[in-house]
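Colleague: I would like a close look at a single part of this chain, the middle domain and the nonpolar core within reach of its strands. Please take me through that part slowly, and then place it against the rest of the chain.

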Amino acid sequence: MPTAHPVHNVIFDANGGTVDVFQIQTDINGYIMWLPVPTRADHAFAGWHTQIDGGHLITWSTVFTADTIVYAHWIQQTSAFTVNPVYHAFPNAQPGYGTNAMEQTFVITNVGTGNITGLSAVFLDNGGTFFRITAPLQSASLNPGGSVRLGIRPAANLAASTVPYAATLLITGNNGGISMIVPLSFVVEPAPQSVRYGDLNDDGRVDSADLILMMRYFAQPNVSINMAAADVNGDGVVNQADLIHFTRFFARPGVVLGP
Ligand SMILES: [Ca+2]
Ligand SMILES: [Ca+2]
């Protein structure tokens, strides 16, 4: 008469992780029909084992001869990325934009052992008005060793400023689990003004109308003139010596205006 094989309970201890199924019964031959897969943040599952440390790996061919607790084993994973800038010449450089007003490509590399998901880049402050993202993060997930590129460019047509245009870029992954701050700044200097000496009325020409204007200026000091252009002898002040020099300029060839 055949002996009936009893069934046994296999109890799953996720050992720091979580698992949906805590207990499974074996069939009459001592086999279990499936193995649950637990999860744990920043860890890779390394199989069920007979001991919490060490022991034997449970497989489909493991035969259970008694009620048994099995333990999840884990391999710690790190999540980390680096951000390395690569600078390019600002392709549409504008007057006054400094040498640091460059298009920049940030190479974001996964240097950890786990996947990085949900990569995103946002400006923390009002930097979005000073910079724009030309190449957004296309990849939602980054495998270990993988990299993606993020392009940033200074906004165009910004006014000259003695204070640099600055912004803080926040790059995050794993739903904010890892992050990096990238400070950005550039300057827009005033465009150098070229003085057209003698063009007191700013009409682009130096002619007798400018000489007449200078005479009127000395007669009536409330007459408006371009003071920089009126310093026709280039000594830093506007006075009667300029009027003499300006008169000579029209009277004789070879007289030059300015310093
Ligand atoms: Ca003029
Ligand atoms: Ca002068």
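Modeller: What follows begins with the confidence of the model, goes through the strands and the core, and then turns to the other parts of the chain.

This is a predicted model, and the chain averages a pLDDT of 87, with 94% of the residues scoring at least 70. Confidence varies among the elements: strand β5, residues 81-88, has the lowest mean pLDDT, 81, while β1 has the highest, 97. The chain is divided into domain 1 (9-76), domain 2 (81-186) and domain 3 (193-259), and the part you ask about is domain 2.

A good place to start is strand β6, residues 103-110, whose side chains alternate between two faces. Gln 104, Phe 106, Ile 108 and Asn 110 point to one face and are buried, whereas Glu 103, Thr 105, Val 107 and Thr 109 point to the other face and are not buried. That pattern fits a general rule, since in a regular strand the side chains alternate between the two faces of the sheet. Strand β6 is joined by six bridges to strand β11, residues 147-154, and the two run antiparallel. Within this pairing, Val 107 stands opposite Arg 149 of β11.

A further set of strands, β8, β12 and β13, forms an open sheet in that order, with antiparallel pairing. The strands β8 (120-123) and β13 (178-186) stand at the edges and have a single partner strand each, so one side of each has no neighbour in the sheet. From one strand to the next, the twist in this sheet averages 25 degrees. Between β8 and β12 there are four bridges in the antiparallel sense, and Phe 123 stands opposite Leu 169 in β12.

These strands lead to the largest nonpolar core, which has 13 residues, and those with the most contacts inside it are Ile 108, Leu 119, Val 148, Leu 150, Ile 152 and Leu 184. Strands β6, β11 and β12 (165-173) each supply at least two residues of this core, and its largest share, three residues, comes from β11. As a general matter, nonpolar side chains in soluble globular proteins tend to be buried together. Ile 108, one of the residues with the most contacts in the core, is also among the buried residues on one face of β6.

Leu 184 repays a closer look. Leaving aside its neighbours within four places in sequence, Leu 184 is in contact with Gly 127, Phe 131, Ile 152, Ala 166, Ala 167 and Leu 169. Of these, Ile 152 is itself listed among the residues with the most contacts in the core, and Leu 169 is the residue that Phe 123 stands opposite.

Ser 185 belongs to strand β13, and it counts as partly exposed because it has 17 C-beta neighbours inside 10 Å, where 20 or more would make it buried. With neighbours within four places in sequence left aside, Ser 185 is in contact with Pro 164, Tyr 165 and Ala 166. Ser 185 and Ala 166 are 19 residues apart in sequence, yet their C-alpha atoms are 4.1 Å apart in space.

The loop between β11 and β12 contains Asn 157, a residue other than glycine whose phi is positive, near 60 degrees. In general, most residues other than glycine have a negative phi. Asn 157 is exposed, because 6 other C-beta atoms lie within 10 Å and 12 or fewer count as exposed.

For the setting, domain 1 and domain 3 have C-alpha centres that lie 95 Å apart. Elsewhere in the chain, four strands form an open sheet in the order β2-β1-β4-β3, with mixed pairing. Its edge strands are β2 (23-25) and β3 (43-49), each of which pairs on one side only. Three bridges join β1, residues 9-13, to β2 in an antiparallel arrangement, and Val 10 stands opposite Ile 24 in β2.

There is also a second, separate core of 10 residues, which includes Leu 200, Met 214, Val 232 and Leu 257. Ile 244, in helix α3 (residues 240-251), is exposed, with 12 other C-beta atoms within 10 Å. Ile 244 and Asn 110 are 134 residues apart in sequence and 73 Å apart in space, C-alpha to C-alpha.

Definitions and conventions: Residues numbered from 1 in each chain as written. Chains lettered and ligands numbered in written order. Predicted model: local features only at pLDDT ≥ 70, side-chain atom pairs only at ≥ 80, totals over all residues. Pairing = 2+ DSSP bridges. Core = buried A, V, L, I, M, F, W, Y, C linked by C-beta atoms within 7 Å. Contact = placed C-beta atoms within 7 Å. Domains from an automatic or database assignment. Axes fitted to C-alpha atoms, helices over the stretch in contact; angles between N-to-C directions. pLDDT = per-residue confidence, 0-100.
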